Each structure stands twice: as structure tokens, then as C-alpha cells.
Amino acid sequence: MEVVCLDLEGVLVPEIWIAFAEKTGIPELRLTTREVSDYDVLMKGRIDILQEHGLALADIQDVIATIRPLEGAKAFLDELRSLTQVIILSDTFREFASPLMRQLGWPTIFCNSLIVDSDGMITGYSLRQNDGKRKAIEHLRGMGFRTFAAGDSYNDITMIRTADDGAFFRAPKEIADQYRGVDRCDDYASFMKRIKVFVDEGK
């Protein structure tokens, strides 16, 4: 059996932190795992900025409520789920994900959680485990699944390399150029075609 594992932001939905940066007018919050490869550095920087500006979890959730999936994402995901098993492996947080999962038809997602104080301020975050995307792929392969992984950022590299097959989806040129051995797809039609090759190989 096959399992396709997809990143969330940049693949199926817009980047949450970029949307929040645009709402708040704080350009530093535009940084994502496309620009910063060390996730801990990225998140600690975000939390510091939130505290500096007095921004709470609810402020982010208000923006998330306005976010819609990328054009074509729902149809792509529906077709893909009709062909094979799909799991979203994301470094986002369960406190962010639910409105987006509802719009995508409640696919399975493995993600992390936030640490929030009594005033609703984000004070930290809790990972399921370090390098969780890669380890999820390892465990799926250990259970006998053929795995395909796809994402667009530095934090997707290890899962793509660990999977039986994989690709970038709309990855920035600088990332794709660093990892030329990984196929790059820039639209859902070519992405679906690439995944179907993987699925058909298992028949």
C-alpha cells in the first residue's frame, strides 16, 4: 500500500504567518521555513515578536478564520484521496489547523501544539518529536507502506529524502536549486501526474 505525505502551508493553504504579517503590518513575521532552516530559531523569534506587540493566540486565529485553501487545492486533495492514503505532515499547530482542515474535508494531519498562558499569550510550543516529518515517514515505511513525500521548504527536505519517492511543490528556486535531485512541480496538474506515476509503480 502507498501513503502520500504532504506539507500543509504552501502546498494546500497559504502561509499562515505571512497572512498574519500582512494583517499586523509586522514584516518580520513574514519569515517562514522557506527562509529559515532552523525551526526553533524561527519559532522563538515569532514568539518574541508576538509578546513584544501584545499579540495573542486569538489574534492569529482571527486571521486564520479568513484564510481559504489555495485555488484548486481541495479538488486536488479529493482526487488524491480517492487514489491512495494521504497524511498531512505539518509543523503548524493544532490550535491553527482546525478551520483549514474543515475546508479541506478533514484529512488526517500530524502537527504540533502551542503552549498558551492564562491570558491567551503564546509562550512556547511542543513538538510531537524532533524532526517529526522524517520520523513519521520512517515509521510508515517500517509498517510496510510505500511512501511519497512532498513540500516546499527546508523543513520538508528530510522527509522527502527519507521517503521512497518525493517532490517539491512550488518550492522557491533557491531551495530547488540546492536539491536538484528532487523533482519540482509548480501546479496541481503536474503534481497529480507525478504522484500517479508513484502510485502506478506499486500496482
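In this predicted model, a convenient place to begin is I109, which sits in strand β3. With a relative accessible area of 21%, I109 counts as partly exposed, because buried means under 20%. Its contacts, leaving out residues up to four places away in sequence, are L8, I88, S90, T92, A97 and M101. The chain also brings together parts that are separated along the sequence: I109 and C5 are 104 residues apart in sequence, and their C-alpha atoms are 9.4 Å apart in space.

Strand β3, which spans residues 108–116, is also one of the elements against which the buried residues of helix α3 pack. This helix covers residues 57–64, and within it L57, I60, V63 and I64 are buried. When one looks down the axis of α3, these buried residues fall within an arc of 125°, so they line one face of the helix. Besides β3, the elements that they pack against are the helices α1 (16–24), α2 (39–53) and α5 (94–103), together with strand β4 (122–126).

One of these helix residues, I60, leads on to the nonpolar interior. The largest nonpolar core has 52 residues, and those that touch the most other members are I60, L6, L12, F76, F96 and F191. Apart from this core lies another one, of 18 residues, including A136, F168, A176 and V182. Within the largest core, L12 can serve as an example: setting aside neighbours within four places in sequence, L12 is in contact with L6, D7, P69, L70, A73, F76, L77, I88, L104 and Y188.

From the cores we can turn to a group of residues named in a record. An unreviewed UniProt entry lists E15, R46, S90, D91, K133 and N155 under "binding site". In the model, the lining of the largest cavity includes E15, R46, S90, D91, K133 and N155.

Two of these residues deserve a closer look. K133 is found in helix α6, which runs over residues 132–142, and K133 is buried, its relative accessible area being 2%. Neighbours within four places in sequence aside, K133 is in contact with D7, L89, S90, D91, N155, D156 and M159. N155, by comparison, lies in the loop between β5 (146–151) and α7 (157–162), and N155 also counts as buried, at 15% relative accessibility. Not counting residues up to four places away in sequence, N155 touches T33, D91 and K133, and the side chain of N155 makes a polar contact with the side chain of T33, at 3.2 Å.

Conventions:
Residues are numbered from 1 along each chain as its sequence is written. This is a predicted model: local features need pLDDT of at least 70, side-chain atom pairs count only at pLDDT 80 or more; totals for chains, interfaces and linings use all residues. Side-chain values use heavy atoms; hydrogens and water are left out. Buried means under 20% relative accessible area, exposed over 50%, partly exposed in between (1.4 Å probe, protein chains only). Helices (H or I, at least four residues) and strands (E, at least two) are DSSP runs, numbered from the N terminus. The arc is that of the directions from the helix axis to the C-beta atoms. Contact means heavy atoms within 4.5 Å. A nonpolar core is a set of buried Ala, Val, Leu, Ile, Met, Phe, Trp, Tyr and Cys residues joined through side-chain atoms within 4.5 Å. UniProt positions are given in the numbering used here, feature names are shortened, and annotations may be inferred rather than shown by experiment. On a 1 Å grid over the protein atoms alone, a cavity is a set of points where a 1.4 Å probe fits but cannot get out, and a pocket is an open set with protein on both sides within 12 Å along at least five of seven lines; lining residues have an atom within 4 Å of a point. A polar contact is a pair of N or O atoms within 3.5 Å; within protein, one must be able to donate a hydrogen and the other to accept it, and residues adjacent in sequence count only if both atoms are side-chain atoms.
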